[in-house]
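These are my notebook entries on a structure I examined. I looked first at a sheet and then at how two domains meet.

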Protein chains: 2
Amino acid sequence: MKKYCFGIDVGGTTVKCGFFNTEGQLLEKWEIPTRTEENGSRILPDIAATINAKIAERGLEKDEIEGIGVDIPGPVKEDGTVDLAVNLYWGYVDVVGEMEKMTGIKTKALNDANAAALGECWKGGGAGYDNLIMVTLGTGIGGGIVVGGKVIAGAHGAGGEIGHGHAVDDMTEPCNCGNVGCIEQVASANGIVRLAHMILEKTDKPSVLRDKKFSAKDLWEAVKAGDEVADEIAEKFGFYLGRELAIYAVVTDPQLIVIGGGMAKAGTIVLDYIRKYYRQYAFPACKETEFALATLGNDAGIYGSAKMVL
Amino acid sequence: MKKYCFGIDVGGTTVKCGFFNTEGQLLEKWEIPTRTEENGSRILPDIAATINAKIAERGLEKDEIEGIGVDIPGPVKEDGTVDLAVNLYWGYVDVVGEMEKMTGIKTKALNDANAAALGECWKGGGAGYDNLIMVTLGTGIGGGIVVGGKVIAGAHGAGGEIGHGHAVDDMTEPCNCGNVGCIEQVASANGIVRLAHMILEKTDKPSVLRDKKFSAKDLWEAVKAGDEVADEIAEKFGFYLGRELAIYAVVTDPQLIVIGGGMAKAGTIVLDYIRKYYRQYAFPACKETEFALATLGNDAGIYGSAKMVL
């Protein structure tokens with residue numbers, strides 16, 4: 001009976017590391033820098049070294065370790081290899097093969113947004129559910145689709161790339177992905193600010209947001225303070241994202257939709273705007289699907305990575 | 001080692017029955033009428049009787065039978081119960097419980113569109129793939145999502161209800177589901193005829209379709225004959241369905257999209273119109289996802305039902 005596992009969340013600037021017992025308790029967490037020089041070739045050796053050091057520090061044997069889960073900011077194929085991860089300066093990397101060689105411990109790899117979904121499903125806002133859609137409203141929109149307690153990686157590592165469903169017909173500016181009109185362009189933290197400027201330009205109504213630089217956080221504060229234009233912006237955001245999630249929901253028919261990422265810090269008011277339009281557009285059997293806020297914050301990735309190997 | 005199984009496809013007028021070996025060969029198929037009188041209470045007893053009779057006729061023992069798969073035209077929950085199947089005049093029915101009681105054989109139940117998806121994935125247009133979206137373009141649009149070789153039933157039995165994603169903003173007529181603007185309203189066999197009338201009304205161009213009653217089949221014949229307006233209609237159909245499938249594809253990132261149902265009989269030209277717009281709207285990693293025609297026709301349900309129990 002193995003007792004421990006590691007959950008590793010690789011980001012563009014830091015690698016978050018979690019040491020868990022196999023019941024899913026986080027026993028210790030720490031960070032190391034992500035060294036992206038030399039095409040990111042030091043990243044996996046650094047991770048292997050910190051894991052090997054942690055095992056030695058705690059006086060453990062390697063056969064007490066169930067496995068290592070590693071999440072990567074980019075598409076990860078089912079065999080645990082990556083073809084491209086721009087934020088790590090990686091081309092092709094065999095994450096699982098290299099990690100297993102350097103640690104002697106069974107490793108699995110997954111996309112970071114998918115890992116966050118799995119983490120929230122296991123110990124966060126989706127605990128107790130095994131069929132959910134996780135939506136991360138950050139700079140962009142990430143996501144993860146969990147069905148039967150497992151995350152759907154997809155044929156090209158693009159399962160749960162739900163920031164890039166088409167949503168906006170009258171958009172002219174291209175999305176980072178190269179398409180035009182993705183939901184991310186109006187409903188991520190950056191997207192809602194873009195949407196706000198589009199709406200502010202079309203109205204003369206007074207607003208605390210007018211003629212200044214503002215963030216998604218400022219916008220939600222204006223909504224809560226009763227600013228009329230901010231409310232219109234939040235309605236339009238809810239319309240786009242609620243309708244898009246209703247479309248996604250006919251695919252996997254989730255029990256629960258979990259909303260996380262920086263913008264979810266504004267609280268349940270974000271869910272209220274989304275849910276209103278979700279219900280309008282959802283297939284009748286799915287109209288009462290529940291919404292919840294993510295609860296693990298930046299730890300979702302290490303939890304999900306750990307869950308992968310359990 | 002059990003040798004045989006049954007795949008049963010329950011429709012509103014007939015029940016299709018398949019007797020398979022456990023390698024997946026269809027050894028015999030036959031039909032019985034669907035007796036919907038008395039709130040459809042005779043349907044399952046009739047099925048049990050024909051199965052028991054077939055076992056006796058072939059001189060088999062019940063312990064040679066691996067199981068019975070039954071598909072139902074309506075949402076089926078994970079426990080094998082149905083809350084409502086309007087075409088069978090059913091309210092709540094415990095399909096699995098009743099069938100097991102009457103036959104003494106392990107039974108599983110599934111929605112009919114999901115069963116067809118599983119059948120096509122096993123022995124039809126999707127053979128060799130384990131992650132696909134099956135789209136059935138019939139009177140309405142049915143569908144099934146297969147991931148890891150298993151069909152996603154969904155939290156409310158609505159997994160793969162892909163006819164009811166929102167697609168058309170300027171629709172005013174309600175869909176059968178109660179919502180307005182579902183993809184089914186413009187891209188099913190009935191839907192494309194509706195779309196055709198909308199387009200014919202807006203143009204004075206001559207067309208063989210003008211001022212007469214026509215079916216989806218007639219329309220595709222006009223497209224093949226080079227009718228300019230018919231081509232415009234097919235383009236618009238391809239735009240709506242291709243774009244919608246591109247949205248669905250970010251959820252499960254399929255290897256393959258299989259198109260079946262009556263309208264698929266028009267052939268690969270249908271795929272060409274859909275693929276063109278799919279590629280325009282798909283997330284970059286998913287743009288090369290393959291399209292294929294379904295090949296099992298009306299037998300997809302019995303194949304999928306049989307697969308369920310193997």
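Entry 1, the sheet. I worked throughout from a predicted model. In chain B, I found five strands in an open sheet with mixed pairing, and I read their order as S3-S2-S1-S4-S7. I then looked up the edges: strand S3 (26–33) and strand S7 (107–111) of chain B hold these positions, each pairing on one side only. From one strand to the next, I noted an average twist of 20°.

Entry 2, one strand pair. I followed strand S1 (residues 4–10) of chain B against strand S2 (residues 14–21) of chain B and recorded seven bridges in the antiparallel sense. As one bridge of interest, I traced Ile8(B) to its partner in S2(B), which is Cys17(B).

Entry 3, a helix on the sheet. I located helix H3 (residues 95–103) of chain B across strand S4 (65–72) and S7 of chain B. Relative to S7(B), I noted that H3 runs at about 145°.

Entry 4, the domains of chain A. I took the assignment as domain 1 (4–118 + 299–308) and domain 2 (128–294). Over C-alpha atoms, I noted 29 Å between the centres of the two domains of chain A. I recorded 12 residues from domain 1 and 15 residues from domain 2 in their contact. On the domain 1 side, I listed strand S7 (107–111) and helix H4 (112–123) of chain A as the elements giving two or more residues. H4(A) supplies the largest share of that side, five residues. I sorted the domain 1 side by class and entered eight nonpolar, two polar and two charged residues.

Conventions
Residues numbered from 1 in each chain as written. Chains lettered and ligands numbered in written order. Predicted model: local features only at pLDDT ≥ 70, side-chain atom pairs only at ≥ 80, totals over all residues. Pairing = 2+ DSSP bridges. Helix = DSSP H or I, 4+ residues; strand = E, 2+ residues; numbered from the N terminus. Axes fitted to C-alpha atoms, helices over the stretch in contact; angles between N-to-C directions. Contact = placed C-beta atoms within 7 Å. Domains from an automatic or database assignment. Nonpolar A, V, L, I, M, F, W, Y, C, P; charged D, E, K, R; others polar.
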